[in-house]
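Hi everyone, thanks for making the time. I'd like to walk you through one structure today, so have a look at it while I talk.

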Amino acid sequence: MALRTIRTIGDEILEKTCREVKQITPRISTLIEDMLETMYDAQGVGLAAPQVGVLKQIVVIDVSEQGDHPIVLINPEIMELSGEQTGQEGCLSVPGKAGIVTRANYCKVKAYNENMEEIIVEGEELLARAMQHEIDHLAGVLYVTKAEGELMNVVSDEEEA
Ligand code: ZN
């Protein structure tokens with residue numbers, strides 16, 4: 001496994017649309033392992049493949065306290081959104097900043113896991129926010145386009161995705 005370089009805002013790859021993953025190759029498996037390692041190293045709660053320069057529909061998320069519940073979402077599709085939450089959001093590709101974003105409070109996603117088995121993941125609050133944030137990345141959308149008002153400066157221990 002290896003750490004990958006996280007692309008930051010201004011890099012045009014972050015605004016491109018990602019392609020579907022057709023099958024899990026050794027290269028894809030390595031990418032997923034590297035994405036998890038990179039996310040944990042950066043103390044993020046989520047990371048999408050374009051953030052490490054790969055235009056594929058792959059997302060990793062871990063919103064657990066211990067960082068021991070990784071979720072891998074390949075070709076994720078949002079099936080259901082409901083409710084509303086307004087709160088602070090950050091992004092590993094927008095270091096040192098946070099913004100207030102309103103998102104659905106509940107999110108249900110259909111995806112494939114790292115073995116290409118179909119999975120359904122439901123989440124509320126932070127997990128729902130992280131899934132919506134990361135799936136936006138796959139469409140080339142950064143949270144800054146959805147933030148209300150100006151971004152704030154934050155210290156580095158905030159949760160970023
Ligand atoms: Zn992000």
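Let me start with a question: how many disulfides does a search of the whole structure find? The search finds zero, where a disulfide is a pair of cysteine sulfur atoms within 2.5 Å. Take cysteine 18, which is in no disulfide: its nearest cysteine sulfur belongs to cysteine 91 and is 13 Å away. Cysteine 107 is a similar story, because its sulfur is 17 Å from the closest cysteine sulfur, again in cysteine 91, and that is too far for a bond.

Before I go on, a word on what you're looking at. This is a predicted model, so local features need pLDDT of at least 70 and side-chain atom pairs count only at pLDDT 80 or more, while totals for chains, interfaces and linings use all residues. Residues are numbered from 1 along each chain as its sequence is written, and side-chain values use heavy atoms, with hydrogens and water left out.

Back to those cysteines: are they buried or exposed? Cysteine 18 is buried, at a relative accessible area of 5%, and cysteine 107 is buried too, at 0%. Buried here means under 20% relative accessible area, exposed means over 50%, and partly exposed is in between, with a 1.4 Å probe and protein chains only.

Now the sheet. There's an open sheet of three strands, in the order E4-E5-E8, and the pairing is antiparallel. On naming: helices (H or I, at least four residues) and strands (E, at least two) are DSSP runs, numbered from the N terminus. Two strands pair if DSSP finds at least two bridges between them. The edges are strand E4, residues 85–89, and strand E8, residues 148–153, each pairing on one side only. From one strand to the next, the twist averages 25 degrees.

Let's zoom in on strand E5, residues 97–103. Three bridges join E5 to E8, and the two run antiparallel. If you want a spot to click on, lysine 97 stands opposite asparagine 153 in E8.

Then there's helix H2, residues 125–138, which lies across E4 and E5 and runs at about 65 degrees to E4. For that angle, axes are lines fitted to C-alpha atoms, for helices over the stretch in contact (heavy atoms within 4.5 Å), and angles run from 0 to 180 degrees between N-to-C directions.

On to charges. Side chains of opposite charge can pair when their charged atoms come close. How many salt bridges does a search of the whole structure find? Seven, counting a side-chain nitrogen of Lys or Arg within 4 Å of a carboxyl oxygen of Asp or Glu.

One of them joins arginine 4 and aspartate 34, at 2.8 Å from N to O. Arginine 4 sits in the segment before helix H1 (26–41) and aspartate 34 is in H1, so this pair ties together parts 30 residues apart in sequence. Arginine 4 is partly exposed at 27%, whereas aspartate 34 is buried at 4%.

Another is lysine 146 with aspartate 136, at 2.7 Å, N to O. Lysine 146 is in the loop between H2 and E8, and aspartate 136 is in helix H2, 10 residues apart. Here lysine 146 is partly exposed, at 38%, and aspartate 136 is buried, at 14%.

That pair has company: Glu89, Arg103, Arg129, Asp136 and Lys146 are linked in a network of salt bridges. I'll stop there, thanks.
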